[in-house]
Amino acid sequence: MLEQGIAYKFVAVCDSDCLDVDLWIADPSGQEVAVDELDDAIPIVDLVPESNGVFTIGVEMIECVSEPCFYGLSILVQAQ
């Protein structure tokens, strides 16, 4: 659940076996509203939602050198 007008930062970090990770955010209607598809292992997405709602976060490990690969996700909220 994200709140309208609040600044969020989403950061995914992959383990040392992963070379490329993508991160995307979709609004309650399923529309993609923010994405990081750069060729790197630490995608970062900033988002200030235009409305309250349940958003979907997607993480995709594009290039994993040695299975299994693991990732972590952090959601940071700007203090008001």
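This is a short talk on the sheet, the aromatic pair and the cysteines of one structure. Before anything else, the model is a predicted one.

I'll start with the sheet. It is open and has three strands in the order 4-1-6, and the pairing is antiparallel. Strand 4, residues 44–47, and strand 6, residues 71–77, are the edge strands, each with a pairing on one side only. On average, neighbouring strands of this sheet are turned by 15° against each other, direction ignored.

Now to the pairing between strand 1 and strand 4. Strand 1 covers residues 8–14, and four bridges join it to strand 4, the two running antiparallel. Two positions are useful for finding your way on the screen. Tyr-8 stands opposite Leu-47 in strand 4, and Phe-10 stands opposite Val-45 in strand 4.

Which residues make up the covered face of strand 4? They are Val-45 and Leu-47, while Ile-44 and Asp-46 make up the uncovered face. As general background, side chains in a regular strand alternate between the two faces of the sheet. So the residues opposite Tyr-8 and Phe-10 are the ones on the covered face of strand 4.

That brings me to the aromatic rings. A pair of aromatic rings is described by the distance of the centres and the angle of the planes. Searching the whole structure gives one aromatic pair. Tyr-8 and Phe-10 form this pair, with 6.2 Å centre to centre and 25° between the planes, and it is stacked. Are these two residues buried or exposed? Both Tyr-8 and Phe-10 are buried.

Next, the cysteines. A disulfide is a covalent bond between the sulfur atoms of two cysteines. How many disulfides does a search of the whole structure find? It finds one. The disulfide joins Cys-64 to Cys-69, with an S to S distance of 1.6 Å in the model. The torsion about the S-S bond of Cys-64 and Cys-69 is about 90°, and therefore the disulfide is right-handed.

The two ends of that bond fall into separate accessibility classes. Cys-64 has a relative accessible area of 23%, so it is partly exposed. Cys-69 counts as buried because its relative accessibility is 10%. The cut-off used here is that buried means under 20%.

Two further cysteines can be put on the same scale. Cys-14 has a relative accessible area of 11% and is therefore buried. Cys-18 is buried as well, with a relative accessible area of 4%.

Notes: Residues are numbered from 1 along each chain as its sequence is written. This is a predicted model: local features need pLDDT of at least 70, side-chain atom pairs count only at pLDDT 80 or more; totals for chains, interfaces and linings use all residues. Side-chain values use heavy atoms; hydrogens and water are left out. Rings of Phe, Tyr and Trp (its six-membered ring) pair if their centres lie within 6.5 Å; planes under 30 degrees apart count as stacked, over 60 as edge-to-face and the rest as tilted. Buried means under 20% relative accessible area, exposed over 50%, partly exposed in between (1.4 Å probe, protein chains only). A disulfide is a pair of cysteine sulfur atoms within 2.5 Å. Two strands pair if DSSP finds at least two bridges between them. Axes are lines fitted to C-alpha atoms, for helices over the stretch in contact, and angles run from 0 to 180 degrees between N-to-C directions.
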